[in-house]
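Reader: I'm new to this one. Could you walk me through it?

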Amino acid sequence: MILPFIGLAAGLFLLMLGTYFIRCKHANKTPLSGHGDGVDHVDSFVLSLLLSIGVILFSSLSVRQYGYFCLAGGVLLLYGVNAVW
């Protein structure tokens with residue numbers, strides 16, 4: 001019974017965080033640029049390839065795009081809580 005309340009709180013938090021990121025005055029900056037430089041130290045080739053692609057995509061997003069992901073995650077989480085409840 002407590003799990004839907006935790007999901008509801010997390011969904012509302014993600015919606016507020018996404019709105020804050022989208023309306024932020026630094027919305028066009030990429031805060032994680034350059035953090036994907038040291039990813040090639042993994043032994044497995046496939047894992048290093050997947051990590052490289054993921055880190056490059058994750059570090060090339062702007063703050064506004066993080067906000068859109070937070071909004072989408074919040075809406076999906078609230079939809080899931082609504083379906084369970």
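Reader: Which atoms supply 72% of the area that the protein chain exposes?
Author: Keep in mind that this is a predicted model. The protein chain exposes about 6300 Å². The 72% share of that comes from carbon and sulfur atoms.

Reader: And what share of the residues is buried?
Author: Here a residue counts as buried when its relative accessible area is under 20%. The protein chain has 85 residues, and the buried ones make up 22%.

Reader: How many helices and strands are there, and in what order do the elements run?
Author: The count is 3 helices and 0 strands. Starting at the N terminus, then, the order reads α-α-α.

Reader: How do α1 and α3 lie relative to each other, roughly parallel or roughly antiparallel?
Author: Helix α1 covers residues 2-23 and helix α3 covers residues 63-84; their axes come within 7 Å and cross at roughly 155°. Angles over 145 degrees count as roughly antiparallel. So α1, relative to α3, is roughly antiparallel.

Reader: What is the hand of that crossing, and which kinds of residues make the contact?
Author: As α1 passes α3, the crossing is left-handed. The residues of the contact between them divide into 18 nonpolar, 7 polar and 1 charged.

Reader: Where does Ser-62 sit, and is Ser-62 buried or exposed?
Author: Ser-62 belongs to the loop between α2 (45-59) and α3. Leaving aside neighbours within four places in sequence, Ser-62 is in contact with Ala-27, Asn-28, Lys-29 and Thr-30. The relative accessible area of Ser-62 is 12%, so Ser-62 is buried.

Definitions and conventions:
Residues are numbered from 1 along each chain as its sequence is written. This is a predicted model: local features need pLDDT of at least 70, side-chain atom pairs count only at pLDDT 80 or more; totals for chains, interfaces and linings use all residues. Side-chain values use heavy atoms; hydrogens and water are left out. Axes are lines fitted to C-alpha atoms, for helices over the stretch in contact, and angles run from 0 to 180 degrees between N-to-C directions. Helices (H or I, at least four residues) and strands (E, at least two) are DSSP runs, numbered from the N terminus. Angles under 35 degrees count as roughly parallel, over 145 as roughly antiparallel, 65 to 115 as roughly perpendicular and the rest as oblique. A crossing is left-handed if the near helix is turned anticlockwise from the far one by less than a right angle, and right-handed if clockwise. Ala, Val, Leu, Ile, Met, Phe, Trp, Tyr, Cys and Pro count as nonpolar, Asp, Glu, Lys and Arg as charged, and the others, Gly among them, as polar. Buried means under 20% relative accessible area, exposed over 50%, partly exposed in between (1.4 Å probe, protein chains only). Accessible areas come from the Shrake-Rupley method with a 1.4 Å probe; for residues, only the protein chains shown count as cover. Contact means heavy atoms within 4.5 Å.
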